[in-house]
Amino acid sequence: MGPEGWGRVPLLYVLLPEAFMEVHRSRAVRTTRLPDDWATGTGWLDRIVEAPAPARVHAVRLTFEPGARTAWHKHPLGQTLHVLLGVGRVQSRGGPLRAIVPGDTVWIAPNEEHWHGAAPETAMVHLAIYEADEDGSTTIWLEHVSDAEYRAPPRDR
Ligand code: MN
């Protein structure tokens, strides 16, 4: 675009502000505690994005205090986790308990039953990225993770 093109941008912004990107400021985000139906222990959720249709992506940042973990659950269209801080745990139904650390990325397939959370003595923060299905559903919650399941030694550490 030439110099005259740049000159049009402020007027367009005044007339059509929704045509431009949205910036959501961190100071406006309200951190919420994971409901007891969804977790054991204390986990904190910060919403990053719930994109408007036709986009379907959701992203959140989850902070698990030591010993905290989600209940068993599944996502209709799967989920990506990316660990930012600490030491965590993740497990699929019938699969090994795994330790996860910063920089690790976990892909969980559609409808794969699983849980994720902190290590027993160490907090963990991860991003979670997932999509809503055609009904807007993102997660189906199941039973809580027992202490025996949670306390098993991880396969890797
Ligand atoms: Mn999940």
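Donors, in the sense used here, are N, O and S atoms within 2.8 Å of the metal. With that in mind, the reader can begin at the manganese ion of this structure, which is a predicted model. In sequence, the residues that supply the donors of the manganese ion follow the spacing H-x1-H-x3-Q-x34-H-x1-H. Put in terms of individual residues, the protein donors are NE2 of His-73, NE2 of His-75, OE1 of Gln-79, NE2 of His-114 and NE2 of His-116, and they lie 2.1 to 2.2 Å from the ion. Since water is not among the atoms, a site such as this may look incomplete.

Two of these donor residues can also be described by how much of their surface is accessible. His-73 counts as buried because its relative accessibility is 1%, and buried means under 20% relative accessible area. Gln-79 is likewise buried, with a relative accessible area of 3%.

From the metal site the reader can turn to the aromatic rings, for which a search of the whole structure finds two pairs. One of them is formed by Trp-38 and Trp-141, which are stacked, with 5.0 Å from centre to centre and 10° between the planes. Trp-38 belongs to the loop between strand S1 (32–33) and strand S2 (39–40), whereas Trp-141 belongs to strand S13 (residues 140–141), so this pair ties together parts that are 103 residues apart in sequence. Trp-38 is partly exposed, with a relative accessible area of 30%, and Trp-141 also counts as partly exposed, at 28% relative accessibility.

The other pair consists of Trp-115 and Tyr-150, whose rings are tilted, with 5.8 Å from centre to centre and 50° between the planes. Because Trp-115 lies in strand S11 (residues 114–118) and Tyr-150 in helix H2 (residues 147–151), the pair ties together parts that are 35 residues apart in sequence. Trp-115 is buried, with a relative accessible area of 0%, and Tyr-150 is buried as well, with a relative accessible area of 1%.

Tyr-150 has a further contact, for the charged end of Arg-69 sits over its ring, 4.3 Å from the centre. An arginine is also placed over a ring at Trp-72, where Arg-93 lies over the face at 4.2 Å from the ring centre.

The last part of this walk concerns the strands. Six of them make up an open sheet in the order S1-S3-S4-S12-S7-S10, with antiparallel pairing. S1 and strand S10 (105–108) are the edge strands, each of which pairs on one side only.

Starting from the S1 edge, S1 pairs with strand S3 (residues 43–50) in the antiparallel sense over two bridges. Thr-32 stands opposite Leu-45 in S3, while Arg-33 has Trp-44 in S3 as its bridge partner. S3 is in turn joined to strand S4 (residues 57–64) by seven bridges, and these two strands run antiparallel. Within that pairing, Arg-47 stands opposite Val-60 in S4. S3 and S4 form a hairpin, with six residues between them.

Note on methods
Residues numbered from 1 in each chain as written. Predicted model: local features only at pLDDT ≥ 70, side-chain atom pairs only at ≥ 80, totals over all residues. Heavy atoms only, no water. Donors = N, O, S within 2.8 Å, 3.2 Å for Na, K, Ca; no water. Buried < 20%, exposed > 50% of the residue type's maximum accessible area, 1.4 Å probe, protein only. Phe/Tyr/Trp six-rings, centres within 6.5 Å; stacked < 30°, edge-to-face > 60°. Helix = DSSP H or I, 4+ residues; strand = E, 2+ residues; numbered from the N terminus. Lys NZ or Arg CZ within 6 Å of the ring centre and 35° of its normal. Pairing = 2+ DSSP bridges.
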